[in-house]
Amino acid sequence: MRIHRITPALLASVAALAVLTGCGTSEADTGAKKDEVTVRIPDPGNAGVLALGKKDGSLAKALSKVNAKVAWTGSAGPFAPAAQALNADQLDIATGSITSGITSLTQTPGFKFFTATEPDPVGEGILAKGGSGIDSVKDLVGKKVAVNQGGTGEYLLLKALAKEGIPASKVERVYLRPDQTAAVFNAGKVDAWAVWATYSVAELGTGKAHFIADGQAIGSDNYSLTAVRTGFADKHPEVVKALYDYLHDGSAKEKKDPAAYLNVNTDAGPQALNGEAKRIQIEFTGKGGTVDAISDADIKRFKDVARFYAEQKVTRTEVDIAAHLIDVEKLS
């Protein structure tokens, strides 16, 4: 019989191979490697931090650090339908105004807010057509004003009227979806339009419309917020924190260089901004806020909006907004 001699070196090699093989088998067998988390976000379109992050891959890179990836679902728009999608477990993240947020919270909410961007001082307000004879809030008495019900538009109009001491009943509110209002406004079927930058910039860019009062003049507390589905936040706090960090840093960069975040995918077609509208948007973004964690001072202003909505009978009672907020800086 022939006997093979096993050397110490060979024993060491076999042992090392066993360790490596054992590690690989153990991970596969025990499932120690966590499954990648998918976060569903509305498609951001052609502008903004998420649009650029989607195109250049920086968002995917940031989320990969917490073992997550994005599934782009539908398209960004008003918060009310997004809130319904959050409640129905069809969406994980959405952005909207505190005003729409408060009215959405009157239902059975399945979401919480984790970021705050200060009210837009120049991009939101009440638009009127040139030559209409409407040059101030007082000129709205007896007129028709288009607003989105329970959201930014209704808030801005009611806030402007209250500041001037004008009873809300003196102005007719015409409830319209924002994406349907431009045609109605330009056809002269309403006299004014209470609106935000997403829609105001295009109208201002034509040179045929002007603000009779912007957010600063109105004294708006209409923050922009980011919402997360409650179940997702409870299960994946590290993903929410990573997304916050990305949005916070990106919004600071966007404020410094707004042009880099416009026309991300195309500079032609209805999604693109050019000419005067592009110039106006760059100016507005430069004067806007950044995506930040929610502070105590922010919460106080949120409560003021909730109280105002209750006083104006937009909501039946004062919504407890503080009960639906996340301190994102404590997440890990």
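These are my notebook entries on a predicted model of a protein.

**Overall build**

I began with the whole protein and counted 13 helices and 10 strands. I then looked up the radius of gyration, which is 26 Å, whereas a compact globule of 332 residues would have one near 20 Å. The C-alpha trace spans about 110 × 45 × 30 Å along the principal axes.

For the surface I noted an exposed area of about 17,000 Å², with carbon and sulfur atoms supplying 52% of it. Of the 332 residues, 44% count as buried. I also checked contacts between residues at least 6 apart in sequence, and 80% of these join residues at least 24 apart.

**Helix H4 and the turn after it**

Next I went to helix H4, residues 79–87, and asked which of its residues are buried. I found Phe 79, Ala 82, Ala 83, Ala 85 and Leu 86. Seen down the axis of H4, these buried residues fall within an arc of 160°, so they line one face of the helix.

I then looked for what covers the buried residues of H4. The cover includes strand E3 (93–97) and helix H5 (98–104). Strand E4 (111–117) and strand E10 (224–229) are also among the covering elements.

Just after H4 I stopped at Asp 89, in the loop between H4 and E3. Its phi is near 60°, a positive value in a residue other than glycine. Is Asp 89 buried, exposed or partly exposed? I noted a relative accessibility of 42%, so Asp 89 counts as partly exposed.

**The five-stranded sheet**

I followed an open sheet of five strands in the order E7-E6-E8-E5-E9 and noted that the pairing is mixed. Strand E7 (172–175) and strand E9 (209–214) stand at the edges. Each has a single partner strand, so one side of each is left without a neighbour in the sheet. I also looked up how neighbouring strands of this sheet are turned against each other, and the average is 30°, direction ignored.

Inside the sheet I picked out strand E6 (residues 144–147) and strand E8 (residues 192–195), which run parallel and are joined by two bridges. Which residue in E8 is the bridge partner of Ala 146? I found Trp 193 there.

I then turned to helix H7, residues 178–186. Helix H7 lies across strand E5 (125–129), E6, E8 and E9, and runs at about 155° to E8.

**Leu 176, between E7 and H7**

In the loop between E7 and H7 I looked up Leu 176. At 22% relative accessibility, Leu 176 counts as partly exposed, because buried means under 20%.

Leaving out residues up to four places away in sequence, I listed what Leu 176 touches: Ala 146, Val 147, Asn 148, Thr 181 and Val 184. Ala 146 is the residue I had already met as the bridge partner of Trp 193.

I also checked Leu 176 against Leu 161, 15 residues apart in sequence. In space, C-alpha to C-alpha, the two are 19 Å apart.

**Lys 313, after H13**

My last entry is on Lys 313, in the segment after helix H13 (296–311). Phi of Lys 313 is near 65°, again a positive value in a residue other than glycine. Is Lys 313 buried or exposed? I found a relative accessible area of 71%, so Lys 313 is exposed.

Conventions: Residues are numbered from 1 along each chain as its sequence is written. This is a predicted model: local features need pLDDT of at least 70, side-chain atom pairs count only at pLDDT 80 or more; totals for chains, interfaces and linings use all residues. Side-chain values use heavy atoms; hydrogens and water are left out. Buried means under 20% relative accessible area, exposed over 50%, partly exposed in between (1.4 Å probe, protein chains only). Helices (H or I, at least four residues) and strands (E, at least two) are DSSP runs, numbered from the N terminus. The arc is that of the directions from the helix axis to the C-beta atoms. Contact means heavy atoms within 4.5 Å. Two strands pair if DSSP finds at least two bridges between them. Axes are lines fitted to C-alpha atoms, for helices over the stretch in contact, and angles run from 0 to 180 degrees between N-to-C directions. The radius of gyration is taken over C-alpha atoms; the globule rule is 2.2 Å times the number of residues to the power 0.38. Accessible areas come from the Shrake-Rupley method with a 1.4 Å probe; for residues, only the protein chains shown count as cover.
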